[in-house]
Amino acid sequence: MASKLSRSLLRLWSRHNFPSSSRCTSISTPRSYHSYDHPPPPGPFNPIEISILSASLPHIPSHGFTHTTLALGAKDAGYIDASTNLFPKGAFSLVHYHLVTQRLGLADKTHVCEVEEGQRLMGVGRKVKALTWERLMANREVIHRWQEALALMAQPSNLPTAISELSSLADEIWFLAGDKSVDSSWYTKRASLSTIYAATDLFMTRDKSPDFAETREFLERRFGDAEVVGKATGSVGQWVGFTAQAGLNVLRSKGVRV
């Protein structure tokens, strides 16, 4: 199912228009631009759902992205078991909530970019790499359960939300890194980063190396292959195909059936 997700996403990203995420700290829906001056649109979760989902997160390492985790969260939040009926998409709501909160949480991780290299501040490209790695590391506590999340994301009814969240993540990273492009490179940068992130995210589920060293090397190679850092790519479709194949080849060499 994980490989099904990767193939489905990589096909669709080449024609996706990558909307931006809103600039706020609440759980908000994507908008087509970043704005400090306008209130965000209503979010995907209401206060009761947020209460249950946030209480569910600590149970994921033990019980996974499952209805059991959702029921335990409802109990911890002081609601009856039937409260899980508030989530028509069931356990996928846990995945969606995790994706949204970790994406928005990157705004608090920008300190990783505020370091000096000699007398130079870290450039946009290196900030993109640093923030991408920070987001991947946010999965480390649930990585042994992440293939369950990938399987849920691969379901046809959930795939549009998964794609939308990935495009919002790519936009968030470039925005936080200080990218100010307003030409066609805005799209190609985000398309390439989305592809790189998805391939690395899948690779990480099978990485047993200390501190995910092999995942870090994989990520660095993908950035090197795509040359996405610091300049635009020439064709979204070409880069999607190239990066997807490169990622799949590495996964096959690790014994992953994709």
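## Worked exercises on a predicted model

Let's start inside helix α9, which covers residues 185–204 and has Thr-195 in it. A ground rule before we go on: the model is predicted, so local features need pLDDT of at least 70 and side-chain atom pairs count only at pLDDT 80 or more, while totals for chains, interfaces and linings use all residues. Residues are numbered from 1 along each chain as its sequence is written, and side-chain values use heavy atoms, with hydrogens and water left out.

**Exercise 1. Work out whether Thr-195 is buried or exposed, and which backbone oxygen its side chain reaches.**

Step 1: get the cut-offs straight. Buried is under 20% relative accessible area, exposed is over 50%, and partly exposed is in between (1.4 Å probe, protein chains only).

Step 2: apply them. Thr-195 has a relative accessible area of 1%, so it's buried.

Step 3: look for a partner. The Thr-195 side chain gets to the backbone oxygen of Ala-191 at 2.9 Å.

**Exercise 2. Lay out the fold: how many helices and strands are there, and in what pattern?**

Step 1: settle what counts. Helices (H or I, at least four residues) and strands (E, at least two) are DSSP runs, numbered from the N terminus.

Step 2: count them. You get 11 helices and two strands.

Step 3: read along the sequence. The pattern comes out as α-α-α-α-α-β-β-α-α-α-α-α-α.

Step 4: add the cover. Of the 258 residues in the protein, 53% are buried.

**Exercise 3. Check α5: does its span agree or disagree with the expected value, and how many of its residues are buried?**

Step 1: take the rule, 1.5 Å times one less than the number of residues.

Step 2: plug in. The 14 residues of α5 should span 20 Å, and the end C-alpha atoms are 20 Å apart, so the two agree.

Step 3: check the cover. In α5, 12 of the 14 residues are buried, so "mostly covered" is the right description. Among them are Phe-92, Val-95, His-96, Tyr-97 and Arg-103.

**Exercise 4. Find which residues have the most contacts inside the largest nonpolar core, and which elements feed it.**

Step 1: define the set. A nonpolar core is a group of buried Ala, Val, Leu, Ile, Met, Phe, Trp, Tyr and Cys residues joined through side-chain atoms within 4.5 Å.

Step 2: read off the result. The largest one has 46 residues, and Phe-65, Val-95, Trp-146 and Met-153 have the most contacts inside it. Elements giving two or more residues to this core are α2, α4 (67–76), α5 (92–105), α6 (124–137), α7 (146–154), α8 (159–176), α9 and α10 (213–226).

Step 3: put it in context. In soluble globular proteins, nonpolar side chains tend to be buried together.

**Exercise 5. Sort the salt bridges: how many does the structure hold, and which parts of the chain does the Asp-211 pair link?**

Step 1: fix the criterion, a side-chain nitrogen of Lys or Arg within 4 Å of a carboxyl oxygen of Asp or Glu. The structure holds eight of these.

Step 2: take Asp-211 and Arg-140, whose closest N and O atoms are 4.0 Å apart. This pair ties together distant parts of the chain, 71 residues apart: Asp-211 is in the loop between α9 and α10, and Arg-140 is in the loop between α6 and α7. Asp-211 is exposed at 62% relative accessibility, while Arg-140 is partly exposed at 37%.

Step 3: take Asp-171 and Arg-190, with a closest N to O distance of 2.9 Å. Again the pair links distant parts of the chain, 19 residues apart, from helix α8 to helix α9. Asp-171 and Arg-190 are buried, and they belong to a salt-bridge network with Asp-179 and Lys-189.

Step 4: finish with Arg-216 and Glu-220, at 3.9 Å, N to O. Both sit in helix α10, four residues apart, which is about one turn of the helix.

**Exercise 6. What backbone feature do Asp-211 and Phe-212 show?**

Step 1: check phi. Asp-211 has a positive phi of about 55° although it isn't a glycine, and Phe-212 also has a positive phi of about 55° without being a glycine.

Step 2: add the surroundings. Phe-212 lies in the loop between α9 and α10 and, at 10% relative accessibility, is buried.

Note on methods: A polar contact is a pair of N or O atoms within 3.5 Å; within protein, one must be able to donate a hydrogen and the other to accept it, and residues adjacent in sequence count only if both atoms are side-chain atoms.
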